[in-house]
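Let us take a walk through this model together, strand by strand. Please keep the structure open beside the text as you read.

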Amino acid sequence: MPKVGFLPNERTVDVKAGTTLLEASRKAGVAIRTRCGGNASCLMCKVHVGPGQGVLEPSAKESYKMGDWTKHHQRLACQTRVIGDAVVTLPEDPLKAAVRAKLEQLKKEKQEKDNDRWE
Ligand code: FES
């Protein structure tokens with residue numbers, strides 16, 4: 001049975017060949033955002049699958065939906081089928097990413113103020 005690992009959650013699950021990454025994530029208890037229920041229409045289930053992983057090449061439907069994104073190893077979890085061991089990286093939650101970016105901006109502004117004070 002292929003093993004599918006999910007990062008950054010660091011969870012691994014055994015699945016049957018042919019299982020989608022979305023199904024594997026559910027089995028592993030890893031949340032992947034979805035609105036369409038796996039019909040390749042919402043594009044919310046994008047994940048990063050690096051080269052050499054045990055997944056099938058993108059189908060015509062997935063390639064059509066994703067365009068050039070598949071060249072950057074971005075895949076739709078609902079359309080990507082497992083054929084061997086694979087490691088999948090989930091994107092950062094958009095809200096967490098926004099909060100992290102704001103905190104970095106505030107930290108940078110504070111450092112610039114501190115530097116101005118000493119000049
Ligand atoms: S779940 Fe909507 S595109 Fe994959």
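What follows is a short tour of the sheet and of the helix that packs on it.

Keep in mind that the model is predicted. A good place to begin is the overall layout: five strands form an open sheet with mixed pairing, in the order S2-S1-S5-S3-S4. Strands S2 and S4 (74–76) stand at the edges with a single partner strand each, so one side of each has no neighbour in the sheet. From one strand to the next, the twist averages 35°.

Now let us look at the pairing in more detail. Strands in a sheet are held in pairs by backbone hydrogen bonds, and the pairing may be parallel or antiparallel. Both senses can be seen around S1. With S2 (residues 11–14), S1 (residues 3–7) pairs in the antiparallel sense over four bridges. Along this pair, you will find Val-4 opposite Val-13 of S2, and Phe-6 opposite Arg-11 of S2. The hairpin that S1 and S2 make has three residues between the strands, and here Glu-10 takes a positive phi near 60°.

Next, turn to the partnership of S1 with S5 (residues 86–89), which is parallel and runs over four bridges. Here Leu-7 has Thr-89 in S5 as its bridge partner.

Finally, let us add the helix. H1 (residues 21–28) packs on the sheet, where H1 touches S1, S2, S3 (46–49) and S5. The direction of H1 makes about 75° with that of S1.

Technical notes. Residues numbered from 1 in each chain as written. Predicted model: local features only at pLDDT ≥ 70, side-chain atom pairs only at ≥ 80, totals over all residues. Heavy atoms only, no water. Pairing = 2+ DSSP bridges. Helix = DSSP H or I, 4+ residues; strand = E, 2+ residues; numbered from the N terminus. Axes fitted to C-alpha atoms, helices over the stretch in contact; angles between N-to-C directions. Contact = heavy atoms within 4.5 Å.
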